[in-house]
Amino acid sequence: THQWRGIIEEYRDRLPVTADTPVVTLREGGTPLVPAQVLSELTGCEVHLKVEGANPTGSFKDRGMTMAITRAKEEGARAVICASTGNTSASAAAYAVRAGMVCAVLVPQGKIALGKMGQALVHGARILQVDGNFDDCLTLARGLSENYPVALVNSVNPVRIEGQKTAAFEIVDALGDAPDIHVLPVGNAGNITAYWRGYREYAADKVSTHNPRMWGFQASGSAPIVRGEPVKEPHTIATAIRIGNPASWQYAEAARDESGGLIDEVTDRQILAAYRMLASREGVFVEPASAASVAGLLKAAELGLVDPGQKIVCTVTGNGLKDPDWAVAGAPQPLTVPVDAGVAARELGLV
Ligand code: F0G
């Protein structure tokens with residue numbers, strides 16, 4: 001058959017599994033690498049979008065979750081737990097169903113997108129809204145996993161990072177070599193850690209000839225790595241990356257420094273402008289946090305940091321349908337018309 005088999009089967013020799021490991025998969029990965037025509041014109045570069053919203057639950061989290069749930073099952077876990085700004089919990093809930101496990105989820109009260117909450121609910125997760133932010137949820141989840149019979153599936157679980165590094169493999173496999181620059185949003189900093197690991201692994205094994213510079217972007221109100229200290233009360237409309245004390249902080253700094261890259265911030269206004277630009281000019285609908293990568297690329301281009309002619313990949317991490325409020329907000333309400341072709345044609349500007 002020609003169907004993509006999921007990241008564990010496709011990259012089995014590069015992942016911590018054995019022939020006996022019971023693979024739990026929704027056939028995640030194999031996502032499109034889409035040439036970005038408008039971004040390429042604007043930057044004078046060859047820009048591609050790695051569209052991770054095309055994963056089974058609509059975000060890149062599925063790459064790590066197939067590994068985390070597979071290994072939890074192998075180790076005999078009956079229940080898993082995660083802290084989440086929404087996407088990790090949606091993914092954990094779905095993969096737990098596949099594995100026949102109970103899934104417990106801790107989310108920050110009132111700060112997760114409705115689509116993500118709906119996913120956790122419909123997959124039957126046990127959800128608690130915590131009176132605190134993501135960082136508080138993660139502290140609580142860690143404590144519960146240490147003292148109760150429940151396995152932690154956040155990206156502090158090292159096999160999550162192993163799964164997520166496969167996105168870098170797919171990009172090199174598609175382009176024939178690593179790009180010059182890789183741009184992505186940074187929240188808890190697991191994904192930038194994972195991509196960097198994937199790129200280094202391929203370069204070490206001579207699958208690629210070089211490593212890209214890693215460019216990460218945080219939302220200005222939630223930019224602890226940029227500030228150099230934790231942010232006690234993080235804020236941003238990009239709720240997925242509303243994180244004040246990232247668990248993989250040091251790894252993100254290592255990715256930046258070892259690759260000669262950067263970690264910078266983008267404002268909510270820049271994020272929303274990139275979000276609308278991606279949807280209206282590239283035809284790619286992402287959630288606001290995902291647009292932080294593209295907002296960052298555009299900011300860097302304006303600052304003159306982007307030399308023309310480079311090969312650049314921006315990861316867009318989650319599907320726009322997760323959080324459609326921002327698509328509807330501020331847009332004019334469509335007109336209501338009678339069943340009349342003449343009226344409809346006039347209103348549509350066809351005559
Ligand atoms: N983009 C989206 C859509 C996310 O959901 C996240 C993280 C990120 C970017 C940042 O990735 O944390 O690896 O640096 N979401 C986590 C969650 C925190 O709970 O779903 P990161």
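This section describes a predicted model, taking in turn a buried helix, the surroundings of the ligand, a pair of crossing helices and one strand residue.

Helix α4 comprises residues 87-99. At 1.5 Å a residue, its 13 residues should span 18 Å, and the end C-alpha atoms are indeed 18 Å apart, so the expected and modelled spans agree. The helix is mostly covered, with 10 of its 13 residues buried. These buried positions are N87, T88, S89, A90, S91, A92, A93, A94, Y95 and A96. Their packing partners are two helices, α3 (61-74) and α5 (114-122), together with two strands, β3 (79-83) and β4 (102-108). After α4 comes G100, which has a positive phi, near 70°.

Helix α4 also takes part in the surroundings of the ligand. The shell consists of 22 residues, of which S84, G187, N188, T317 and G318 are the closest. The elements that contribute two or more residues to this shell are α4 and α9 (190-204). By class, the shell contains 14 polar residues, six nonpolar residues and two charged residues.

Helices α12 (residues 268-282) and α13 (residues 291-302) form a crossing pair, their axes coming within 8 Å of each other at an angle of roughly 105°. This angle falls in the range of 65 to 115 degrees, and the two helices are therefore roughly perpendicular to each other. On the α12 side, the contact is made by Q270, I271, A273, A274, Y275 and L278; on the α13 side, the residues involved are A291, A292, V294, A295, L298 and K299. The contact of α12 with α13 comprises 10 nonpolar residues, one polar residue and one charged residue.

Residue I127 lies in strand β5 (residues 126-130). With 17 other C-beta atoms within 10 Å, I127 is partly exposed, because the count lies between the limit of 12 or fewer for an exposed residue and that of 20 or more for a buried one. When neighbours within four places in sequence are set aside, the contacts of I127 are V105, V107, A120 and L121. Strand β4 (102-108) and helix α5 (114-122), whose residue ranges take in these positions, are also elements against which the buried residues of α4 pack. The C-alpha atom of I127 is separated by 19 Å from that of S155, a residue 28 positions apart from I127 along the chain.

Key: Residues numbered from 1 in each chain as written. Predicted model: local features only at pLDDT ≥ 70, side-chain atom pairs only at ≥ 80, totals over all residues. Axes fitted to C-alpha atoms, helices over the stretch in contact; angles between N-to-C directions. Helix = DSSP H or I, 4+ residues; strand = E, 2+ residues; numbered from the N terminus. Parallel < 35°, antiparallel > 145°, perpendicular 65-115°, else oblique. Contact = placed C-beta atoms within 7 Å. Nonpolar A, V, L, I, M, F, W, Y, C, P; charged D, E, K, R; others polar. Expected span 1.5 Å × (residues − 1). Near = placed C-beta within 6 Å.
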